[in-house]
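Colleague: I would like to learn how to read a model like this one. Can we go through it feature by feature?

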Amino acid sequence: MDEMPSATARRWGPPLSQIDPALRALFTGYLIVIGIGLLMSFVQILLTHGMADGRFGLSVTDIVYSYYGNREGSRLEAKLQGSMKLMASTHDRAEIIKWVRAGSPRDEWDSHIRTVITANCTRCHGVIPGIPDYTRYDGIKSVAQIDEGATVPTLARVSHIHLFGIAFIFFFVCLIFTLATGIPSQLRVAAVAAPYVFLTIDVFSWWATKWVPTAAYLTILGGFGYAVSSGFMIFTSLYQMWWPMRSPSTTPGPG
Ligand code: HEC
């Protein structure tokens, strides 16, 4: 009978501290490039989503704006809080804003809102050339457009690219890390599973945020989770390849 190999002996390759120099060069190059790539993706998130609320730095509002949209963001509402504020009573403005946030439905326009607009706005909008004509639904519809965030086709596209791409990137990061030694078994398993768990949470949260803005916290949790887990694996792997220490696999253990 063959000797039953211990769990460590059954790893798919040698411990990182004893790895073949060519493989060490390959793994090092890969991990460093992926590490830089992850930093770049963080910079990119700051510059795109991070600026969604007009301020630098990623906040929950940014994520909500990116996926749920800024539903107070129509030009009509902005103007009603701004230079057109004095054109209607507080009550009438509230009516118009409520209608805009509901998506400016045609039936409410016909039944009710047209009257409010006619009473307050059409003595100019419909008369003065060069400003939008609010005597017609089509004229007001264009300024009543709200930003509903990412569309379903966009989400589907970004999701599948993200899932495939990131799963692939992390596969090798994790695979290299499995050759690290001296890490408690449960921590190894958790570290390797973490990027996949957080990736799923991240992508799920984009869809959820489209309907429930508070799900934006899950996006932050997801991003934070794979930043920490990949940072840990990349750092540990590089460290063990280049600064090998006494590791349990080189000192015969009791088991
Ligand atoms: C006394 C005339 C007058 C009245 C009344 C008036 N507006 Fe205006 N509105 C203007 C002028 C002039 C502009 C263009 C200058 C500007 O953007 O401030 C304008 C611009 C706007 C814009 C921006 C349009 C664009 O394409 O950028 C919106 C939206 C708007 N008005 C909404 C309203 C609403 C809603 C009411 C009624 C509650 C109203 N206005 C009543 C004169 C008026």
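**Reading the model, feature by feature**

Modeller: Start with a loop. Serine 104 sits in the loop between helix 4 and helix 5.

Colleague: What is phi of serine 104 near?

Modeller: Phi there is near 40 degrees, a positive value in a residue other than glycine. Glycine 103, which follows helix 4, also has a positive phi, near 100 degrees.

Colleague: Is serine 104 buried or exposed?

Modeller: Count C-beta neighbours. A residue is buried if 20 or more other C-beta atoms lie within 10 Å of its own. Serine 104 has 21 other C-beta atoms within 10 Å, so it is buried.

Colleague: How far should I trust the coordinates?

Modeller: This is a predicted model, so look at confidence before geometry. The protein averages a pLDDT of 87, and 92% of the residues score at least 70. Among its elements, helix 5 (residues 106-120) has the highest mean pLDDT, 95. Helix 2 (residues 60-67) has the lowest, 82.

Colleague: Where does pLDDT stay under 50?

Modeller: Over residues 1-5, where the model has one contact beyond four places in sequence. Also over residues 250-255, with three such contacts.

Colleague: Now helix 4. Why does its span agree with its residue count?

Modeller: Compare the expected span with the end-to-end distance. At 1.5 Å a residue, the 12 residues of helix 4 (residues 90-101) should span 16 Å. The end C-alpha atoms are 16 Å apart, so the two agree.

Colleague: Which residues of helix 4 are buried?

Modeller: Ile96, Trp99 and Val100. They cover an arc of only 105 degrees around the axis, which puts them on the same side of helix 4. On the other side, Thr90, His91, Ala94 and Lys98 are exposed.

Colleague: What do the buried residues of helix 4 pack against?

Modeller: Helix 3 and helix 5.

Colleague: How does helix 7 read by the same steps?

Modeller: Span, then burial, then cover. Helix 7 (residues 152-177) has 26 residues and reaches 36 Å from its first C-alpha to its last. That is close to the 38 Å expected at 1.5 Å a residue. Its buried residues are Ile166, Phe170, Val173, Cys174, Ile176 and Phe177. Their cover includes helix 1 (21-47), helix 8 (185-211) and helix 9 (216-242).

Colleague: How do I read distance in sequence against distance in space?

Modeller: Set the two separations side by side. Serine 74 and serine 142 are 68 residues apart in sequence, yet 9.2 Å apart in space, C-alpha to C-alpha. Serine 74 lies in the loop between helix 2 and helix 3. With 20 C-beta neighbours inside 10 Å, serine 74 counts as buried.

Colleague: Which residues is serine 74 in contact with, leaving aside its neighbours within four places in sequence?

Modeller: Val100, Val143, Ala144, Gln145 and Ile146. Val100 is also one of the buried residues of helix 4.

Colleague: And a second pair?

Modeller: Take arginine 114, in helix 5, and isoleucine 131. They are 17 residues apart in sequence and 17 Å apart in space, C-alpha to C-alpha. Arginine 114 is partly exposed, with 17 other C-beta atoms within 10 Å.

Colleague: Last, the ligand. Which residues come nearest?

Modeller: Of the 18 residues around the ligand, Lys79, Met87, Ala88, Cys121 and Cys124. Helix 3 (residues 75-80) gives the largest share of the shell, four residues.

Colleague: How do the shell residues divide into nonpolar, polar and charged?

Modeller: There are 12 nonpolar, three polar and three charged.

Definitions and conventions
Residues numbered from 1 in each chain as written. Predicted model: local features only at pLDDT ≥ 70, side-chain atom pairs only at ≥ 80, totals over all residues. Near = placed C-beta within 6 Å. Helix = DSSP H or I, 4+ residues; strand = E, 2+ residues; numbered from the N terminus. Nonpolar A, V, L, I, M, F, W, Y, C, P; charged D, E, K, R; others polar. pLDDT = per-residue confidence, 0-100. Contact = placed C-beta atoms within 7 Å. Expected span 1.5 Å × (residues − 1). Buried ≥ 20, exposed ≤ 12 C-beta atoms within 10 Å, placed from the backbone. Arc of directions from axis to C-beta.
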